[in-house]
Amino acid sequence: MALLHDLCKVNFYVKGTKNQKTYDPEKVDAAENWQVKHDDKGNFIWETVLRYEIDDTMPLGHREKSVMLINCFMKLKTPEIFAIRWHMGFSEEKSQYKAVGDAMEKYPIVLALHEADLEASKLLEDVAGNKE
């Protein structure tokens, strides 16, 4: 479950670009005069940076899609289906809170996977990679 709960993210993100302001003094100083702009934070230039964009070619929903994709290759047990479906816990829409709580009460593994996912994403990882 921990390995495959986000299988829906495979081929979901594509590389793209966006323009953003940079106030880095070295970059601003190295820029041509016509490139330098000014706002309430100081001098800046626009630079193109890489980013990931969503390209959802199979819009089945985040959690449901993972369950369906996994079931194409292996049979999930009922508690595993519930854990993957509800692994986002109470970050679901408020209207889903009762169902999340009921699933956690019925299958404690739901809460365990949710907590493991939170720990991995909030305590062990950051945008630059794994935390030490």
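Q: What radius of gyration does the chain have, and what would a compact globule of 132 residues have?
A: The general idea is to set the spread of the C-alpha atoms against a rule for globules of equal length. In this predicted model, the chain has a radius of gyration of 21 Å, whereas a compact globule of 132 residues would have one near 14 Å. The spans of the C-alpha trace along its principal axes, about 65 × 35 × 30 Å, can be read beside that value.

Q: How much of the chain is buried, and what part of its accessible surface belongs to carbon and sulfur atoms?
A: A residue counts as buried when its relative accessible area is under 20%. By that cut-off, 27% of the 132 residues in the chain are buried, and the accessible surface comes to about 9800 Å², with 55% of it belonging to carbon and sulfur atoms.

Q: Which secondary structure elements does the chain have, and in what order do they run?
A: One counts the elements and then follows them from the N terminus: the chain has five helices and five strands, in the order β-α-β-β-α-α-α-α-β-β. Contacts add a view of how the sequence folds back on itself, and of those between residues at least 6 apart in sequence, 56% join residues at least 24 apart.

Q: At what angle do helix H2 and helix H3 pack, and which residues make the contact?
A: A helix pair is described by the angle between the N-to-C directions of the two axes and by their separation. Helix H2 (residues 62-71) packs against helix H3 (residues 78-85) at about 145 degrees, and the axes lie 8 Å apart. From H2 the contact draws on Arg63, Glu64, Ser66, Val67, Ile70 and Asn71, and from H3 on Ile81, Ile84 and Arg85. By character, these residues of the contact divide into four nonpolar, two polar and three charged.

Q: How many aromatic pairs does the structure hold, and how are the rings of Tyr23 and Phe44 arranged?
A: Ring centres and plane angles are read together; the structure holds five aromatic pairs. In one of them, Tyr23 and Phe44 have ring centres 5.6 Å apart and planes at 55 degrees, so this pair is tilted. The pair links distant parts of the chain, as Tyr23 lies in the loop between strand S1 (13-22) and helix H1 (25-30) and Phe44 in strand S3 (residues 42-54), 21 residues apart.

Q: Which residues form one aromatic cluster with Phe44, and is Phe44 buried or exposed?
A: Phe44 is buried, at 5% relative accessible area. The rings of Phe44 and Trp46 have centres 5.8 Å apart and planes at 90 degrees, and the pair is therefore edge-to-face. Tyr23, Phe44 and Trp46 form one aromatic cluster, in which Tyr23 is partly exposed at 28% relative accessibility and Trp46 is partly exposed at 47%.

Methods: Residues numbered from 1 in each chain as written. Predicted model: local features only at pLDDT ≥ 70, side-chain atom pairs only at ≥ 80, totals over all residues. Heavy atoms only, no water. Axes fitted to C-alpha atoms, helices over the stretch in contact; angles between N-to-C directions. Helix = DSSP H or I, 4+ residues; strand = E, 2+ residues; numbered from the N terminus. Contact = heavy atoms within 4.5 Å. Nonpolar A, V, L, I, M, F, W, Y, C, P; charged D, E, K, R; others polar. Rg over C-alpha atoms; globule rule 2.2 N^0.38 Å. Buried < 20%, exposed > 50% of the residue type's maximum accessible area, 1.4 Å probe, protein only. Areas by Shrake-Rupley, 256 points an atom, 1.4 Å probe, with all protein chains shown as cover. Phe/Tyr/Trp six-rings, centres within 6.5 Å; stacked < 30°, edge-to-face > 60°.
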